[in-house]
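Q: I have just opened this one and would like to be walked through it. Could we take it step by step?

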Amino acid sequence: MLRAVGQRGEGCAVLVDGTPIPLDTPLTGAVRLTVVPTFSGG
């Protein structure tokens, strides 16, 4: 799903309505996604 919009899935979480979903979930219809970076510095 992220690749379809030119983004890489490594280092991020994808949420739909606050719920994480697998990165390979097929999208059907209009969906608003929240993409959160999960890398932390240190």
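**Strand pairing and the loops**

Q: Let us begin inside the sheet. Which residue stands opposite V14 in β3?
A: V14 faces V35, a residue of β3. Please note that this is a predicted model.

Q: And how many bridges join β1 to β3?
A: Four bridges link β1 with β3, and the two strands run antiparallel.

Q: What about β1 and β2, over how many bridges do they pair?
A: That pairing covers three bridges and is antiparallel. Within it, L15 of β1 is placed opposite P20 in β2.

Q: In what order do the strands lie in the sheet?
A: The order is β2-β1-β3, in an open sheet of three strands with antiparallel pairing. β2 and β3 (34-37) are at the edges with a single partner strand each, so one side of each has no neighbour in the sheet. From one strand to the next, the twist averages 45°.

Q: What holds paired strands together in general?
A: The strands of a sheet pair through backbone hydrogen bonds, in either a parallel or an antiparallel manner.

Q: Stepping back, how many helices and strands are there in the protein?
A: The protein has zero helices and three strands. Along the sequence the pattern reads β-β-β.

Q: Now the turn between β1 and β2. Which residue there takes a positive phi?
A: That residue is D17, in a hairpin with two residues between the strands. The phi of D17 is about 55°, although D17 is not a glycine. D17 belongs to the loop that runs between β1 (12-16) and β2 (19-21).

Q: Is D17 buried or exposed?
A: D17 counts as exposed, because its relative accessibility is 78%, and the cut-off for exposed is over 50%.

Q: Where does G18 lie, and is it buried or exposed?
A: G18 is also found in the loop between β1 and β2. With a relative accessibility of 59%, G18 counts as exposed.

Q: How far apart are G18 and L33 in space?
A: Their C-alpha atoms are 9.0 Å apart, while in sequence G18 and L33 are 15 residues apart.

Q: Moving on to the other loop, where is T25?
A: T25 sits in the loop between β2 and β3. T25 is partly exposed, as its relative accessible area is 24%.

Q: What does the side chain of T25 reach?
A: The side chain of T25 reaches the backbone oxygen of P22, at a distance of 2.8 Å.

Q: Changing topic to the whole chain: what share of the residues counts as buried?
A: The protein has 42 residues, and 14% of them count as buried. Its accessible surface is about 3,500 Å², with 55% of that belonging to carbon and sulfur atoms.

Q: And what share of the contacts comes from residues 24 or more positions apart?
A: Among contacts with a separation of 6 or more, 30% are between residues 24 or more positions apart.

Q: Last topic, confidence. What pLDDT does the protein average?
A: The average pLDDT is 82, and 79% of the residues score at least 70.

Q: Which elements have the lowest and the highest mean pLDDT?
A: Among the elements, β3 has the lowest mean, 87, and β2 has the highest, 92. Where pLDDT is low, predicted coordinates should not be read in detail.

Key:
Residues are numbered from 1 along each chain as its sequence is written. This is a predicted model: local features need pLDDT of at least 70, side-chain atom pairs count only at pLDDT 80 or more; totals for chains, interfaces and linings use all residues. Side-chain values use heavy atoms; hydrogens and water are left out. Buried means under 20% relative accessible area, exposed over 50%, partly exposed in between (1.4 Å probe, protein chains only). Two strands pair if DSSP finds at least two bridges between them. Axes are lines fitted to C-alpha atoms, for helices over the stretch in contact, and angles run from 0 to 180 degrees between N-to-C directions. Contact means heavy atoms within 4.5 Å. Accessible areas come from the Shrake-Rupley method with a 1.4 Å probe; for residues, only the protein chains shown count as cover. A polar contact is a pair of N or O atoms within 3.5 Å; within protein, one must be able to donate a hydrogen and the other to accept it, and residues adjacent in sequence count only if both atoms are side-chain atoms. pLDDT is the predictor's confidence in each residue, from 0 to 100.
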